[in-house]
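Trainee: I have a new structure to read. Where do I begin?

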There are 2 protein chains.
Amino acid sequence: MTKPDLLIHAAFKLFYENGIHAVGINRILQETGVAKKTLYHHFASKEALLEAVLVYRDQTFMDWLTARMMAAGEGKLAVLALFDALDDWFHDRVEVLLPFKGCFFMKANGEFSDHIVNGLCQRHKQNITAFIQANLVGQVSKLAPADLAQSISVLKEGAIAQAYVAGDLNAAKRAKAMAVALFAEE
Amino acid sequence: MTKPDLLIHAAFKLFYENGIHAVGINRILQETGVAKKTLYHHFASKEALLEAVLVYRDQTFMDWLTARMMAAGEGKLAVLALFDALDDWFHDRVEVLLPFKGCFFMKANGEFSDHIVNGLCQRHKQNITAFIQANLVGQVSKLAPADLAQSISVLKEGAIAQAYVAGDLNAAKRAKAMAVALFAEE
DNA sequence: TTAAGGGGAGACCAATCGGTCTACTCTATG
DNA sequence: CATAGAGTAGACCGATTGGTCTCCCCTTAA
């Protein structure tokens with residue numbers, strides 16, 4: 001593993017578990033055994049490292065989620081598979097995402113305001129919603145695809161938040177049941 | 001306004017907008033014009049001040065929410081009023097809660113791990129869920145009151161998260177529509 | 001064999017962190 | 001009037017922050 005990747009992985013783990021401002025550069029160096037000069041050779045600043053971490057997490061998460069959804073089929077099937085994937089995540093059955101500690105982008109977003117980080121977090125969420133919407137065209141629902149995608153996103157965000165702070169590990173199952181209702185023919 | 005209250009209000013505003021670790025004691029003092037000695041006369045540490053801030057926000061939020069729900073009626077009416085209240089919050093129509101910047105407890109929780117703060121945040125969420133559940137006994141639904149309260153909480157958390165990071169200010173309306181479906185007779 | 005150069009270890013820097021302390025003022029009560 | 005308590009200003013403390021720089025080793029090529 002290259003030094004930059006090593007730093008990104010370690011930084012993500014520490015940021016995710018302890019918060020971004022709470023973790024100093026020296027802690028990351030100590031954890032990885034990398035020299036300070038090497039870090040600043042590859043990244044201009046802590047902020048630059050953080051941006052790389054956000055990009056890394058965005059790719060890892062999106063790759064995992066899209067793979068899970070596509071594997072389940074198309075349309076409604078893919079969307080409902082999202083909640084099964086979340087359930088696995090909450091129960092720490094997804095190694096590549098590390099032990100569940102909530103949504104990294106929610107946490108990162110909360111530590112900054114009017115900052116590049118906020119834009120990156122918002123974009124990550126928008127990408128997910130857009131992917132959901134892409135799987136919804138032509139589905140039976142009372143809602144238009146765009147509104148339906150937003151509602152699904154509300155359920156997704158709610159499940160993550162509820163599982164994290166309240167420790168309700170079944171939140172994904174509840175959210176899935178509500179998602180099913182959105183597709184009801186009536 | 002007493003000095004402690006002044007400090008708590010200012011600290012909350014700064015923590016809420018910028019994150020907790022990102023705001024130093026000196027910044028709070030500068031903003032309030034209070035002397036450092038006075039702060040440490042009333043609070044043992046920054047952590048103690050933070051705890052007071054969390055208690056303050058918990059009370060403010062719960063008082064506002066319960067009042068809004070009770071004013072709307074009982075049972076299902078009260079629960080659905082929750083989402084109307086959220087909608088007002090998202091649109092900055094609730095002065096006492098300050099301009100909407102997401103859930104303070106979610107943000108605070110994300111900046112700590114294995115810390116008193118986490119317990120306080122979890123308790124705040126539990127209090128809300130318990131209050132919701134108390135309004136649900138005897139309501140018509142496919143779900144038991146406890147499960148129904150958890151599902152409503154998922155919708156509530158999702159609406160807040162979605163409104164905050166994605167900037168979807170209509171998230172409360174979407175969540176309300178899904179909540180209505182939970183009470184469907186079928 | 002030797003010279004050159006890139007990267008690693010970590011000493012070092014100014015700034016800031018949370019927190020303490022001294023010296024002084026104001027106000028309210030006995 | 002005297003005294004006590006709450007307040008202010010801000011110097012000061014050690015620790016830690018993000019970031020720079022120097023020294024040295026180790027590889028590589030002539």
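Mentor: Begin with a definition. A residue is near a strand if one of its heavy atoms lies within 4 Å of that strand. Keep in mind that this is a predicted model.

Trainee: Which element gives the most to the surface near DNA strand D?

Mentor: Helix 3 of chain B gives the most, with five residues.

Trainee: How do the residues of that surface divide into nonpolar, polar and charged?

Mentor: Five are nonpolar, six polar and six charged.

Trainee: Which residues come nearest to DNA strand D?

Mentor: There are 17 residues around the strand, and I25(A), K36(A), Y40(A), K46(A) and T38(B) come nearest. Sugar and phosphate make up 56% of the strand D atoms that come within 4 Å of the protein.

Trainee: How far is a polar side-chain atom of Y40(A) from a phosphate oxygen of DNA strand D?

Mentor: For Y40(A) the distance is 2.8 Å. For H42(B), a polar side-chain atom lies 2.9 Å from a phosphate oxygen of DNA strand D.

Trainee: Now salt bridges. What is the general idea?

Mentor: Side chains of opposite charge can pair when their charged atoms come close. Over all chains, this structure holds 22 salt bridges. In one of them, R68(A) pairs with D88(A), with the closest N and O atoms 2.9 Å apart. This pair links distant parts of the chain: R68(A) is in helix 4 and D88(A) in helix 5, 20 residues apart.

Trainee: Is D88(A) buried or exposed?

Mentor: Buried means under 20% relative accessible area. D88(A) has 18%, so it counts as buried. R68(A), at 28%, counts as partly exposed.

Trainee: Which residues are linked with these two in a network of salt bridges?

Mentor: R68(A) and D88(A) are linked with D87(A), R93(A) and K173(A).

Note on methods. Residues numbered from 1 in each chain as written. Chains lettered and ligands numbered in written order. Predicted model: local features only at pLDDT ≥ 70, side-chain atom pairs only at ≥ 80, totals over all residues. Heavy atoms only, no water. Polar contact = N/O pair within 3.5 Å; in protein donor to acceptor, adjacent residues only side chain to side chain. Helix = DSSP H or I, 4+ residues; strand = E, 2+ residues; numbered from the N terminus. Nonpolar A, V, L, I, M, F, W, Y, C, P; charged D, E, K, R; others polar. Salt bridge = Lys/Arg side-chain N within 4 Å of Asp/Glu carboxyl O. Buried < 20%, exposed > 50% of the residue type's maximum accessible area, 1.4 Å probe, protein only.
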